[in-house]
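Visitor: Could you walk me through one part of this protein up close? I'd like to see what sits around a single residue on the inside.

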Amino acid sequence: MLSCYFEDGDKAELRHLAVDGLVVRDNAILLVRRAQRLLDGGKWAIPGGFMNRDETTQAGALREVLEETGWKCIIKSFFGVADGSNRGDDRQNVSLFFLLEPIEEVQKPDTEVSETKWFSLTELPKQEEVAFDHLQVILAYNEFVSGKRELPVFI
């Protein structure tokens, strides 16, 4: 949650906006293992994070994926929104998810990540090994690929 003070002196607890990238190639998705010091540390996650002040959602998603995975990507399409009021932690972030195509691995991941790994979309980590609601997002992607779901997805 973000504490904000308005011009009239009122205070409100507002939600953050995060941007995440589903990096998919050859029926596999690139996930990151979150550093131990972070919320849900040691668990697998879709790469992403908070937007910077002066960037678009697309630029933020591409930057976050590059920082966390080392992969330069292009955006294929908007995937969906996760905005449920019970997303697995008390910060209640709203996340925008983009489908990304990996182009080239150009650097090492940053210190928010202890490992990156390509997972087959049919052999994903167990629920308890995945951060936040990210397994639900990946399963929604599988439903989209199989034609059982249309875009955008709302989680």
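**A close look at F79**

Guide: Let's start with the company F79 keeps. Leaving aside its neighbours within four places in sequence, F79 is in contact with L22, F97, F98, L99, V137, A140, Y141, F144, L151, P152 and V153. Keep in mind that this is a predicted model.

Now zoom out a little. The largest nonpolar core has 18 residues, and F79, together with L22 and I29, touches the most other members. At least two residues of this core come from each of these elements: strand 3 (17-25), strand 4 (28-34), strand 7 (71-82), strand 8 (94-105) and helix 2 (134-145). Helix 2 gives the largest share, four residues. In soluble globular proteins, nonpolar side chains tend to be buried together. There's another core too, lying apart from this one: eleven residues, including V19, V23, V65 and L96.

Next, follow strand 7 and see what it pairs with. Strand 7 and strand 8 run antiparallel, and ten bridges join them. One spot to find is V81, whose bridge partner in strand 8 is L96. Strand 7 also pairs with strand 10 (residues 153-154), this time in the parallel sense, over two bridges. There, G80 stands opposite V153 of strand 10.

For a contrast, hop over to the surface. L2, F6 and L14 make up a nonpolar patch there, with about 240 Å² of accessible area together. L2 belongs to strand 1 (residues 2-5), and its relative accessible area is 37%, so it counts as partly exposed.

Key. Residues numbered from 1 in each chain as written. Predicted model: local features only at pLDDT ≥ 70, side-chain atom pairs only at ≥ 80, totals over all residues. Heavy atoms only, no water. Patch = residues over 30% accessible without salt bridge, like charges linked within 9 Å, V, L, I, M, F, W, Y side chains within 5 Å. Areas by Shrake-Rupley, 256 points an atom, 1.4 Å probe, with all protein chains shown as cover. Salt bridge = Lys/Arg side-chain N within 4 Å of Asp/Glu carboxyl O. Buried < 20%, exposed > 50% of the residue type's maximum accessible area, 1.4 Å probe, protein only. Core = buried A, V, L, I, M, F, W, Y, C linked by side-chain atoms within 4.5 Å. Contact = heavy atoms within 4.5 Å. Pairing = 2+ DSSP bridges.
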